[in-house]
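This report goes through salt bridges, a ligand site and a few single residues. Please keep the sequence and the coordinates at hand while reading.

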Amino acid sequence: MVGPATGRIVVTSRIVVLGGGFGGMYAARALKRRLGRAAEIELVNAENYFVFQPLLPEVGAGSITPAHAVSPLRFLLRDVFVRKATVDSVDFDRRLVTVFQGVQRRPTEIGYDHLVIALGQAADLSKMPGLEEHALTMRTLEDARRLRAHVIGQLEHAQITRLPEVKRGALTFCVVGGGFSGIETAGEMKDLIDRSLKFYPDIAPSEVRMIVVEFADRILGEMSPGLADYATRTLRERGIEVKLGTGVASATGTQLVTTTGEVIDTRTIVATIGNAPSPVVRRMGLPSERGRISVDRTLAVKGRSDVWALGDCALIALKDAPQGPRDYAPPTAQFAVREAEQLAENIASTLTGGTPQPFDYRSKGALASLGARKGVAQVFGLELKGFPAWLLWRFYYLAFLPGLTTRIFVLLNWFMDGISPRSVVQLHTRSVPPTRYVRYRAGDVIYEAGNRSDGFYTVVTGAVEMTRTDPETGLPQVRTIGPGGHFGERLILGATRRQTSVRAAEDTKVLVMDREEFLKLADSFQAFRDYFGPYMARHGMTWPPLGETDGQAAPKPVPTEKD
Ligand SMILES: Cc1cc2nc3c(=O)[nH]c(=O)nc-3n(C[C@H](O)[C@H](O)[C@H](O)COP(=O)(O)OP(=O)(O)OC[C@H]3O[C@@H](n4cnc5c(N)ncnc54)[C@H](O)[C@@H]3O)c2cc1C
């Protein structure tokens, strides 16, 4: 592949980069710049755009339009082959990556000579009961859009509800995690709410609660204690409660219980914690430590000379014998971009018979926006607070944004946000999946007689108590339903109102399926139809024949003799 004697590449190499975030996109760019036509470079990413994650809290707060916090990968990587596809697996012996692509999600194999893994991390919230089911996250563009729509939805609801407890829950916003993304998200959300309240005359500012829950005894662990104290004070002055030394014990759709035993009525939990390896990286079976791929200091995966990893998914030692977490590259964009440069240089050296060099970089500092034009910054040993730090934050990220067009758009967004009110348009995003797990604490009402029939429920763990008023005696009849049992079947019959009331008899997890989903299953799955056949017969209904349902197997009355 190379002519070591001349030190020049004589045959084209194929380099495949998995992931188009800070690590992957910058690595592909640097590789192309270094290797030019001597290498064929392909980048695979799930979306066709690069997301500038530091701006996501501002997208969530509506000061930047979603399309302006991203750039098309094809613009940023003109001479790189970009493939929009989902990486499924890698066969390291055969040097083949399998991806799913296109509308039909066809498996396709891609060969490589060198593989670069930059797939970032995923969130694992499963350790705290209920968090996975009920928390919003802040990692993707879709997360940010969903958060904004959700916050505006809560304001709309609080404005019109007549129930004080519902209003209280709707106006309580919790952010879990006091790192950069948690603090910036809380600060920006507070901005959005404060600036929107003038459109909601029945909400008093004193009714809004914004809470940050942080397990450590301070926020912004990457910054000096002085700046972290300043940030805490500033957030508190802005009316944001910062609960230190406090974790999440459990969560439901209406409550968050802290490790200190406090029960907070809330319909908004944003979790910015729980970094975990993404499932695809876990499936690769590469050597890993602390949930990240183990690489040597040249960024080559330990034990392999043709596989490299960088960014959040890689554990990169900064010294030869690391002692603690600070001796590893932190999962930040600042580091991922520097790692990309080193990695490209090392692959180029490998191809030309040179010696790859160890990654060596020291953080130049850290910046965080606290919202309301305040921030904290620690740059080149200098500490800045308040407005100057916030201004620096904006300039730094503007300069960091890839692509001139994106920079101009972001600048325009900031300018317009400075001179005009925040929009409270609630664009529709699907915030609740049609089939989902929901947790309830003992005593929680799941639904009441008269409520709209909106889902079919299966008990996964725990138990529920169903109460029905006997039409003849007028007395309540109570039935307990445990794991494997189900309730809410009336929606099969097209019923619009509940006839029973159901509450959790103990801490309970249920699977809820919307009517449309339920009927889709009934559309094609004979065993499913058979199971509900007796129930339907008792109510004088039957399924239409298979194949005559037009996608929605809505049940029909059993034909009578008259018919
Ligand atoms: C809200 C927020 C704010 C932040 N603020 C800052 C900040 O101010 N400063 C800072 O330095 N860092 C910040 N960070 C951290 C920074 O964004 C990350 O460290 C950086 O993005 C890591 O780059 P990466 O390439 O490793 O991963 P990512 O940028 O996450 O990229 C991973 C890419 O892989 C793709 N992918 C994943 N799985 C698959 C698959 N199976 N198939 C195909 N594609 C896949 C994803 O779509 C994504 O494009 C912030 C992060 C967040 C979430």
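With which residue does R145 form a salt bridge? The partner is E142, and the closest N and O atoms of the pair are 3.9 Å apart. The model is a predicted one.

**Salt bridges**

R145 and E142 are three residues apart in helix α5, which covers residues 141-160, so about one helical turn separates them. R145 is partly exposed, because its relative accessibility of 34% falls between the limits of 20% for buried and 50% for exposed. E142 also has a relative accessible area of 34% and is partly exposed.

Helix α5 holds another such pair, D143 and R146, again three residues apart, or about one turn of the helix. In this salt bridge the closest N and O atoms are 3.6 Å apart. The two ends differ in cover: D143 is buried at 8% relative accessible area, whereas R146 counts as partly exposed at 22%.

A further salt bridge joins E109 to R94, with 4.0 Å between the closest N and O atoms. E109 belongs to strand β9 (residues 106-111) and R94 to the loop between β7 and β8 (96-101), so this pair ties together parts that lie 15 residues apart in sequence. E109 is partly exposed at 49% relative accessibility, and R94 is exposed at 52%.

The three pairs are listed below.

| Pair | Closest N and O atoms |
|---|---|
| R145 and E142 | 3.9 Å |
| D143 and R146 | 3.6 Å |
| E109 and R94 | 4.0 Å |

Elsewhere, salt bridges link R14, E40, E42 and R83 into a network. The count for the model comes to 30 salt bridges.

**Ligand site**

How many residues surround the ligand? There are 28, and the closest are G23, Q53, V87, D312 and Y397. Sorted by class, this shell has 13 nonpolar, 13 polar and two charged residues.

Polar atoms of the protein approach oxygen atoms of the ligand at several points. For Q53 the contact comes from a polar side-chain atom, 2.6 Å from a ligand oxygen. P331 contributes a polar backbone atom at 3.0 Å from an oxygen atom of the ligand. At A333 a backbone N or O atom is 2.9 Å from an oxygen atom of the ligand. Taken alone, the ligand exposes 1000 Å², of which the protein buries 86%. The elements that give two or more residues to the shell are α1 (22-35), β7 (81-91) and α10 (333-351).

**A buried residue in α10**

Is N346, a residue of helix α10, buried or exposed? N346 counts as buried, because its relative accessibility is 1%, and the limit for buried is under 20%. N346 is 10 residues from P356 in sequence, while the C-alpha atoms of the two are 4.4 Å apart in space.

**A nonpolar surface patch**

Which residues form a nonpolar patch on the surface? The members are L404, I408, F409 and L412, and together they have about 380 Å² of accessible area. One of them, I408, is placed in helix α12, which spans residues 404-419. I408 counts as partly exposed, with a relative accessibility of 45%. That value meets the requirement for patch members, namely over 30% relative accessible area.

Key:
Residues numbered from 1 in each chain as written. Predicted model: local features only at pLDDT ≥ 70, side-chain atom pairs only at ≥ 80, totals over all residues. Heavy atoms only, no water. Patch = residues over 30% accessible without salt bridge, like charges linked within 9 Å, V, L, I, M, F, W, Y side chains within 5 Å. Areas by Shrake-Rupley, 256 points an atom, 1.4 Å probe, with all protein chains shown as cover. Salt bridge = Lys/Arg side-chain N within 4 Å of Asp/Glu carboxyl O. Helix = DSSP H or I, 4+ residues; strand = E, 2+ residues; numbered from the N terminus. Buried < 20%, exposed > 50% of the residue type's maximum accessible area, 1.4 Å probe, protein only. Near = heavy atom within 4 Å. Polar contact = N/O pair within 3.5 Å; in protein donor to acceptor, adjacent residues only side chain to side chain. Nonpolar A, V, L, I, M, F, W, Y, C, P; charged D, E, K, R; others polar.
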